[in-house]
Structure formats: structure tokens, C-alpha cells
Amino acid sequence: NSDQGRHSTRHKLTAPLFFSISDDLHSLTKGTLSCIPGVGGVVAELFEKVITPPLARRREVWMNQVAEALNELRETILDFSWDKLREDETFLDIFLQAGQIALRNHHAEKIVALKNAVCNSALKINLEETQQLVFLRYIDELTIVHLKLLDLMRDPRQWATENNHKFPDFITSALTNVIYHAFPELKAQEALTELFVNDLQTRGLLQEVNIHGTLTFHGLMAARSTEMGNCFLRYISDPKK
């Protein structure tokens, strides 16, 4: 049993030092700042005491989450192996790109989306590398509200079921009322809501729609995400689901 335990530990993915380059850049940056006449020492100290600890914490959280998720996949999927993953250049590119984005974000929802993207890439999701990189850029650029709005517009009925939400029995209304009923905090931010919808449409994730136009209840509950939008949501969703 002890031998089996050692064998299991030896083959379990831990948070590897994929960011050694970042560590080198950190040391170089700190050294450069300390050389600035007059303020160099103060700036270097600020960099070391204020900037570095949160970055190190974010990196550790990110690496541990990805390691745990990949380990879980390895235990449940028969043909999933570290050897195949190590030879997968697309996966490595996605992993490194997602890691850089993770360091720039503190929102848990974005970290989860990035982790899911890495896992789906590891599972050879049917997406070209270029499309995966575009989707990673979308995770970076879009806010959590964008992602929630897209999820709502994909299928309002399904969203209501999954979120234990009951929409009023609208006879006729505008999509804005569906949005505001789902996310009351947006009601006082009409211009911002329009911007969110426009951003999703510009990226081809949401169909062109007048959110102020009058629609029947059936029209309000219709799916309005595009095929690309659905693909994006699948890419950032838990592969186990």
C-alpha cells in the first residue's frame, strides 16, 4: 500500500514551475528599479512589498486549481495521460496564455472560466487553436456581467431553471425587462447595459437585437446567442458537465 501511495503521488500533477520566466522577469524588474537614482530604492521596495505578494498568491491559486482539475480528469478519463499532454503544443500555448490572463484578474468567475478553458483544451475540444486563443482574449476583455448576460440570452428559460428564478408572465414587453428582472443591479445602468449587449454583438456572440423593442413572451424567452456564442460558453464551462 505504501508503494502504491508513492506511485500515486509521483504521477499526480502538482503546481509546476511553469512561470519561472516570470520569476526571472520579476528579479530583473526589481533590480532595474533599485538602480533609479533618488527614488529607485523606494520604488523597488513598493514593488516588492505591495505588488509581488498578491501576484504570487494569484499564481499559486491559479496553478493549484488547474492542477487539481487536470488530476481529476486524469482519474476519470481512460486515455488521458501526462505524456500526451506534455507533447501537446496547442495545450501548452493555451495554458500559458490563460495563466497570464489569470494573473491579471481577481474575479473568481474569470479564474474558473480560464481553468475550464484549459481543461477543455486538454481534452482536445473540437476548436482550432486560433479560435481558442480568441476565446481566451474574450475572457480577458469581457466583464463578469458580459458573461452572465450571454448565459441568460442563450436560453432564458433554461437560465431561470438553473438559477431558480421565476420571470413574470409578460404578455408583451422589452428584453430590457427580462435583463433587469434577472439582474436588478443593472436597472439603474441603462446605458451600461446597452454597452454590454453591443459588446457581445460586436464579437459575434449575440444576435443583433433591439433590446427596447416590444416582444411577446415567446419572443422574450427565445435563444439569442449565436453559434459562436454557444461555442464560447461551452469552452468556458466545466467539461464534466
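**Charged pairs and two unusual loop residues**

At 55% relative accessibility, Glu 227 counts as exposed. That value, like every other one here, is computed from a predicted model. The side chain of Glu 227 meets that of Arg 234 in a salt bridge, with 3.3 Å from N to O. Arg 234 has a relative accessible area of 44% and is therefore classed as partly exposed, because the exposed class starts over 50%.

Before going on to other pairs, consider the chain as a whole. The protein chain contains 13 helices and two strands. Of its 241 residues, 38% count as buried. The accessible surface comes to about 14100 Å², and 55% of that surface belongs to carbon and sulfur atoms. Contacts can also be sorted by how far apart the partners are in sequence. Among those between residues at least 6 apart, 70% join residues at least 24 apart.

Back to the charged side chains: how many salt bridges does the count come to? The count is ten. One of them lies in helix 4, where Asp 83 and Arg 86 are three residues apart, about one turn of the helix. The closest N and O atoms of Asp 83 and Arg 86 are 2.5 Å apart. Asp 83 is partly exposed, at 45% relative accessible area, whereas Arg 86 is exposed, at 60%.

Helix 8, residues 144-154, holds a pair with this spacing too: Asp 151 and Arg 154 lie three residues apart, about one turn of the helix. Their side chains form a salt bridge with 2.7 Å from N to O. Are these two residues on one side of the 20% cut-off or the other? Asp 151 has 22% relative accessibility, so it counts as partly exposed. Arg 154 has a relative accessible area of 23%, so it is partly exposed as well. Buried would mean under 20%.

Salt bridges can also link into a network. Glu 72, Asp 238 and Lys 240 are joined in this way.

The next stop is the loop between helix 4 (82-86) and helix 5 (89-103), where Asp 88 is found. Is Asp 88 buried or exposed? Its relative accessibility is 8%, so Asp 88 counts as buried. Which residues does Asp 88 touch, leaving aside its neighbours within four places in sequence? The contacts are with Ser 121 and Lys 124.

Lys 124 leads to another part of the chain, the loop between helix 6 (108-122) and helix 7 (129-141). With a relative accessible area of 59%, Lys 124 is exposed, while its contact partner Asp 88 is buried. The backbone of Lys 124 also deserves a look. Most residues other than glycine have a negative phi. Lys 124 is not a glycine, yet its phi is positive, at about 60 degrees.

Asn 164 is a further case of a positive phi in a residue that is not a glycine, here about 50 degrees. Where is Asn 164 placed? It sits in the loop between helix 9 (156-162) and strand 1 (172-174). Asn 164 has a relative accessible area of 75%, so it is exposed. In summary, Lys 124 and Asn 164 each lie in a loop, and each has a positive phi.

How values were computed
Residues are numbered from 1 along each chain as its sequence is written. This is a predicted model: local features need pLDDT of at least 70, side-chain atom pairs count only at pLDDT 80 or more; totals for chains, interfaces and linings use all residues. Side-chain values use heavy atoms; hydrogens and water are left out. Helices (H or I, at least four residues) and strands (E, at least two) are DSSP runs, numbered from the N terminus. Buried means under 20% relative accessible area, exposed over 50%, partly exposed in between (1.4 Å probe, protein chains only). Contact means heavy atoms within 4.5 Å. Accessible areas come from the Shrake-Rupley method with a 1.4 Å probe; for residues, only the protein chains shown count as cover. A salt bridge is a side-chain nitrogen of Lys or Arg within 4 Å of a carboxyl oxygen of Asp or Glu.
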